[in-house]
Amino acid sequence: MTLLTGGMVAWLGINVPFWDEWDGTVPFVTGERPVNWETLWASHNEHRILVPRLILIGLDRLTDHNFRAGMFTTLIFLSATSAALL
């Protein structure tokens, strides 16, 4: 199932920002907002999403702006969690 889902992400996953990524990740990537404590801790729809922002910004820089990296990372973590629970 992990390989099937990975294939689906590779084939059907779009490499453009989606939904909340336009406000949560893209301004940091384009340089509109600096990566500092104040901007990372800023409220987004009444939530503070510090860790997901850091992960997505780091993945973006590691993968040369491939927005599917978050999908693959989620797949890896969910598969590992499933394997550990089995």
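**Exercise 1.** How many positive and how many negative side chains does the chain have, and how far apart do the centres of the two sets lie?

*Solution.* The model is a predicted one. Step 1: count the charged side chains, which gives 5 positive and 8 negative. Step 2: compare the centres of the two sets; they lie 3 Å apart.

**Exercise 2.** Describe the order of helices and strands along the chain.

*Solution.* Step 1: list the elements; the chain contains six helices and two strands. Step 2: put them in sequence order, which gives the pattern α-α-α-α-β-β-α-α. Step 3: add the extent of the C-alpha trace, about 40 × 25 × 20 Å along its principal axes.

**Exercise 3.** What share of the residues is buried, and what surface does the chain expose?

*Solution.* Step 1: of the 86 residues in the chain, 28% are buried. Step 2: the exposed surface comes to about 6400 Å². Step 3: carbon and sulfur atoms supply 68% of that surface.

**Exercise 4.** Classify the aromatic pair of the structure and the accessibility of its two residues.

*Solution.* Step 1: the structure holds one aromatic pair. Step 2: its rings belong to Trp37 and Trp41, with centres 5.4 Å apart and planes at 10°. Step 3: planes under 30 degrees apart count as stacked, so the pair of Trp37 and Trp41 is stacked. Step 4: Trp37 has 55% relative accessibility and therefore counts as exposed, the cut-off being over 50%. Step 5: Trp41, at 39% relative accessibility, counts as partly exposed.

Key:
Residues numbered from 1 in each chain as written. Predicted model: local features only at pLDDT ≥ 70, side-chain atom pairs only at ≥ 80, totals over all residues. Heavy atoms only, no water. Helix = DSSP H or I, 4+ residues; strand = E, 2+ residues; numbered from the N terminus. Buried < 20%, exposed > 50% of the residue type's maximum accessible area, 1.4 Å probe, protein only. Areas by Shrake-Rupley, 256 points an atom, 1.4 Å probe, with all protein chains shown as cover. Lys, Arg positive; Asp, Glu negative; His and termini not counted. Charge placed at Lys NZ, Arg CZ, Asp CG, Glu CD. Phe/Tyr/Trp six-rings, centres within 6.5 Å; stacked < 30°, edge-to-face > 60°.
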